Amino acid sequence: MKKYLAIITMQLINNIAYPGDFLGRSISIGIFLFIFAGLWGTTFRIAGTDSINGLTFANMMWYLMMAETIELGRPRTNRIISEQVKNGEVAYILNKPYNFLMYHFSFGVGDSLLRVAMNIGVGLLAAWLLAGPPPSLLGWGMALVTLIGAWILHFCMMALIGLAAFLVEETNSFELIYQKFVFVLGGMLLPLDMFPEWLQGIARALPFPYMMYTPARLFVKPDVELFWQMLGVQWLWVIALVFLLAIAYRGSERVLTVNGG
Amino acid sequence: MKNFKFLIALWKANLQAAMEFRSAFLTQVIFMMVNNGAYFMFWVLYFDKFKAVQGWTLQDMMLLYGIAATAWGTAAYFFGHFTTLAEVITQGRLDYYLSLPKPVLLHVLASRSIGSGMGDIIYGIGSFIISGYLTADGVLRFAIAVFTGVCIFISFLTIIQSLSFWLGNTVALSQIALSAVLTFSLYPSALFNASTKFVLLTIIPAALIGSVPAEFVRAFTWQSPLQISAGAFVFLLLAVTIFHSGLRKYESGSAIQVEV
């Protein structure tokens with residue numbers, strides 16, 4: 001366990017070395033929120049109502065702030081694995097006395113921590129200016145708890161895509177498609193509450209809403225019963241995807257071709 | 001004419017290079033089309049619920065996406081270094097281009113091709129076709145809108161990245177500028193207040209790539225073609241002037257660079 005903590009710390013220190021770069025990247029959350037404030041402000045005004053499907057303008061903005069924070073803070077494990085396969089570095093990683101997947105998990109945690117913190121900081125400022133004060137402490141608590149499961153689900157998916165690099169080397173295209181599934185079916189751009197009934201049913205049967213919608217929805221509309229229900233399903237997905245990842249890793253090891261290094 | 005022949009030769013070489021990895025190229029093209037389509041699902045769901053926003057309907061958004069995607073794809077496929085010019089400058093890789101008797105800016109920009117740009121072009125044209133604005137004069141207006149959009153995309157990013165000549169590494173700033181111009185270009189400027197609209201017509205010219213050209217295709221007025229043509233001309237002039245004055249400041253390292 002110590003060695004994985006060391007990897008997390010090492011990656012965290014690496015990132016702290018470039019705070020300006022990180023802050024610059026976080027500005028995109030401000031751009032995103034500004035655009036959506038225009039869209040939803042106009043939509044609410046035209047609709048002539050304070051609430052659409054139970055969500056107010058402020059709920060919508062804080063929902064989007066949390067969703068964008070998750071999107072920008074999720075691990076980019078597939079890109080790292082893909083790069084390591086292409087340049088042969090994977091041979092050195094596989095030789096080391098740690099588990100390959102746990103190495104990437106720890107690396108991802110260290111990488112995400114500062115990014116999530118920075119995005120929450122910039123997002124908080126932007127959303128507060130655009131939509132007023134943030135949700136209650138209960139909302140923050142429920143969001144933070146479900147963020148852990150959401151992050152693990154993201155990691156599993158990114159690692160699964162990354163393992164495809166053992167076969168096809170370049171995985172960016174797969175990531176793009178996965179990202180769009182999360183954008184739409186995960187409820188990043190539009191909360192599931194706004195979907196037609198039939199699409200809500202499909203989305204809820206998939207893991208995507210538990211990566212994005214769950215923390216963002218509980219953040220703006222904390223509900224104890226819903227929290228336990230969503231948390232339960234989220235962790236069922238975590239167990240299923242971790243299991244799938246372990247099987248995929250065993251299979252991938254056998255087909256890896258190392259290019260040198 | 002001489003420069004045009006040179007461009008054709010560069011594009012031919014880029015295509016030949018892409019064809020060396022044909023399946024990778026095709027995968028990029030197809031995935032980019034699917035990616036754009038999936039992203040557009042947001043608007044399908046939005047208009048399923050709200051029908052119209054400030055006079056913009058689903059068909060209008062298809063048109064806007066059509067113009068912006070085709071313009072972005074054309075810039076990316078034919079002038080691929082327009083997103084990475086800052087890296088070329090800061091890494092001292094302009095040496096190669098300076099040593100050849102060809103226009104430096106044109107040569108740098110067109111010496112890289114982003115394969116996925118072809119996916120954007122195909123998606124954009126498809127989106128325009130199904131938007132319902134496919135008439136003879138609609139096609140002409142669409143072509144003008146795309147042309148000015150390509151000029152503005154390339155010029156704006158060239159201006160921002162040319163700051164590397166004075167400020168050093170501006171890769172992060174370039175990424176923010178790229179993200180801002182691309183994201184704002186995909187939304188109708190009617191959503192924003194007057195001061196934001198002014199910014200989107202000048203400092204971050206996203207409205208000149210998305211909204212205004214889309215309005216030009218939707219219904220002809222003299223104002224919109226004048227706005228986009230003037231915008232394209234001014235940004236192009238600024239880009240060439242700033243890049244060349246920066247070039248006088250250019251200092252390369254002693255690293256040996258190989259341009260393939």
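These exercises, each with a worked solution, walk through a predicted model with chains A and B.

**Exercise 1. Describe the fold of chain A and decide how compact it is.**

Begin with the elements: chain A has twelve helices and two strands. Next, put them in order along the sequence, which gives α-α-β-β-α-α-α-α-α-α-α-α-α-α. Now turn to compactness. The radius of gyration of chain A is 19 Å, and the globule rule gives 18 Å for 261 residues; the two values are close, so chain A is as compact as a globular protein of that length. For its outline, the C-alpha trace spans about 65 × 40 × 30 Å along the principal axes. Finally, look inside: 46% of the 261 residues in chain A are buried. Among contacts in chain A with a separation of 6 or more, 83% join residues 24 or more positions apart.

**Exercise 2. Work out which elements of chain A touch chain B, and what kinds of residue are involved.**

First, count both sides: chain A brings 25 residues to the contact and chain B brings 27. Then find where the chain A residues sit. Two helices, α2 (19-47) and α9 (172-184) of chain A, each supply at least two residues of this side. The largest share, 13 residues, belongs to α2(A). Last, sort the chain A side by class: 15 residues are nonpolar, six polar and four charged.

**Exercise 3. Determine how α7(A) and α11(A) are oriented, and list what joins them.**

Take the geometry first. Helix α11 covers residues 213-220 of chain A, and its axis lies 7 Å from that of α7(A), at an angle of about 175°. Angles over 145 degrees count as roughly antiparallel. The two helices α7(A) and α11(A) are therefore roughly antiparallel to each other.

Now the residues. From α7(A) come Gly139(A), Met142(A), Ala143(A), Thr146(A), Leu147(A) and Ala150(A), while α11(A) offers Thr214(A), Pro215(A), Leu218(A), Phe219(A) and Val220(A). By class, this contact has eight nonpolar, three polar and no charged residues.

**Exercise 4. Is Met157(A) buried or exposed, and where does it lie?**

Start with location: Met157(A) is part of helix α7, residues 137-163 of chain A. Then use its neighbours. A residue is buried if 20 or more other C-beta atoms lie within 10 Å. Met157(A) has 26 of them within 10 Å, so Met157(A) is buried. One more distance helps to place it: the C-alpha atoms of Met157(A) and Glu175(A) are 9.2 Å apart, with their positions 18 residues apart along the chain.

**Exercise 5. Find the largest nonpolar core and its best-connected members.**

A general point comes first: in soluble globular proteins, nonpolar side chains tend to be buried together. Here, the largest nonpolar core has 146 residues. Those with the most contacts inside it are Leu33(A), Met61(A), Leu153(A), Met212(A), Ala75(B) and Phe153(B). Helix α7(A) gives the most to this core, with 15 residues. To see one member up close, pick Phe153(B): leaving out residues up to four places away in sequence, Phe153(B) touches Ala71(B), Trp72(B), Ala75(B) and Ile209(B).

**Exercise 6. Examine the positive phi values of Lys51(B) and Gln54(B).**

Phi of Lys51(B) is near 70°, positive although the residue is not a glycine. Gln54(B), also not a glycine, has a phi of about 50°. Lys51(B) sits in the loop between α2 (22-50) and α3 (58-78) of chain B, and Gln54(B) lies in the loop between α2 and α3 of chain B. For exposure, count C-beta neighbours inside 10 Å: Lys51(B) has 10 and counts as exposed, whereas Gln54(B) has 15 and counts as partly exposed.

Technical notes: Residues are numbered from 1 along each chain as its sequence is written. Chains are lettered from A and ligands numbered from 1 in the order in which they are written. This is a predicted model: local features need pLDDT of at least 70, side-chain atom pairs count only at pLDDT 80 or more; totals for chains, interfaces and linings use all residues. Two residues are in contact if their C-beta atoms, placed from the backbone, lie within 7 Å. Helices (H or I, at least four residues) and strands (E, at least two) are DSSP runs, numbered from the N terminus. Ala, Val, Leu, Ile, Met, Phe, Trp, Tyr, Cys and Pro count as nonpolar, Asp, Glu, Lys and Arg as charged, and the others, Gly among them, as polar. The radius of gyration is taken over C-alpha atoms; the globule rule is 2.2 Å times the number of residues to the power 0.38. A residue is buried if 20 or more other C-beta atoms lie within 10 Å of its own, exposed if 12 or fewer, and partly exposed in between; C-beta atoms are placed from the backbone. Axes are lines fitted to C-alpha atoms, for helices over the stretch in contact, and angles run from 0 to 180 degrees between N-to-C directions. Angles under 35 degrees count as roughly parallel, over 145 as roughly antiparallel, 65 to 115 as roughly perpendicular and the rest as oblique. A nonpolar core is a set of buried Ala, Val, Leu, Ile, Met, Phe, Trp, Tyr and Cys residues joined through C-beta atoms within 7 Å.
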